[in-house]
Amino acid sequence: MLEVNDLCFSYKNKTVLTDINIGIKNSEIVCLLGSNGAGKTTLLKCINNILKPSSGSVLIEGRDTNTYSRKELARIFSYVPQSYNTTFPITVMDMVMLGRSFNIKFRVSEEDKDIVIKILGDMNLIDLAFKDINELSGGERQRVLIAKAIAQESKILLLDEPTSSLDMKNQLDVLNTIEKLSREKDITIIMSIHDLNLALMYGDKFIMVKDSKIYDIGDMEKVVNVENIKNVYEIETIIREVEDYNRVLLKKHARD
């Protein structure tokens, strides 16, 4: 169980997060929703101890994450940022193998190799395994970073807009892999995502963030509704059920 209690974060006297309280169960897929600049990325980084909150706490099974060592945290959290830039030459396989670094004792084992090869297959990266990551497209690099995070075998996977640079097929492939991982290995997924329809297809719990605070939290029916979308995103929508999934449809703005 992950708990966030009374968490606040400020940067250069600017309040980014205020009084954040969240409880997340094991193996839940949680979607962070909200407009640009609402604080979703900062919240993911505070949960992962990349940023230190101004106040409040993050607990795993009742234990404050500040008491964990870096290696212990790596076994709990893996994090995929929105983008990744490097000029250092490294192959796709070696990048994904870096996800195993906290499990490798003296050398890469056959088990480590088997795990990485399976993940490369699951993420449709086998054909790119020996290619330099700097030669890949933005979407391909994003899939590599997600594969690296999966290879880490952490209990909680934090994803910052994992589908933003992917085409529609790869969006579904990545989210299907993530969902399967969550269900089969009891891994908790927390991801910020802008596409509400993808969120509705895969999410168990939804957290809407607005103006540095949690605007609403709960299941699909409670959170993702026409009124909340209007108040958070300032747009008019219609929600309809299509083939057992709710779909958010935009209303076109009338021209002046």
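**Reading strand S7 and its neighbours**

Mentor: Strand S7 (residues 156-160) is mostly covered, with five of its five residues buried (under 20% relative accessible area, 1.4 Å probe, protein chains only). This is a predicted model, where local features need pLDDT of at least 70, side-chain atom pairs count only at pLDDT 80 or more, and totals for chains, interfaces and linings use all residues. Residues are numbered from 1 along each chain as its sequence is written, and side-chain values use heavy atoms, leaving out hydrogens and water.

Trainee: Which residues of S7 lie on one side and which on the other?

Mentor: In a regular strand, side chains alternate between the two faces of the sheet. Here Ile 156, Leu 158 and Asp 160 are on one side, Leu 157 and Leu 159 on the other, and all are buried.

Trainee: Which strand joins S7 through five bridges?

Mentor: Strands pair if DSSP finds at least two bridges between them. Strand S8 (residues 188-192) runs parallel to S7 and is joined to S7 by five bridges. Strand S6 (residues 77-80) also pairs with S7 in the parallel sense, over four bridges. Leu 158 is the bridge partner of Tyr 79, and Ile 190 in S8 is the bridge partner of Leu 158.

Trainee: How do I read the packing of helices H5 and H6?

Mentor: Two packed helices are described by the angle and the distance between their axes. The axes of H5 (residues 138-151) and H6 (residues 168-185) come within 12 Å and cross at roughly 5°. That makes H5 roughly parallel to H6 (angles under 35 degrees). Arg 143, Ile 146 and Ile 150 of H5 make the contact (heavy atoms within 4.5 Å) with Asn 170, Val 174, Thr 177 and Leu 181 of H6.

Notes: Buried means under 20% relative accessible area, exposed over 50%, partly exposed in between (1.4 Å probe, protein chains only). Helices (H or I, at least four residues) and strands (E, at least two) are DSSP runs, numbered from the N terminus. A crossover is right-handed if, with the strands pointing away from the viewer, the path from the first strand over the helix to the second runs clockwise. Axes are lines fitted to C-alpha atoms, for helices over the stretch in contact, and angles run from 0 to 180 degrees between N-to-C directions. Angles under 35 degrees count as roughly parallel, over 145 as roughly antiparallel, 65 to 115 as roughly perpendicular and the rest as oblique.
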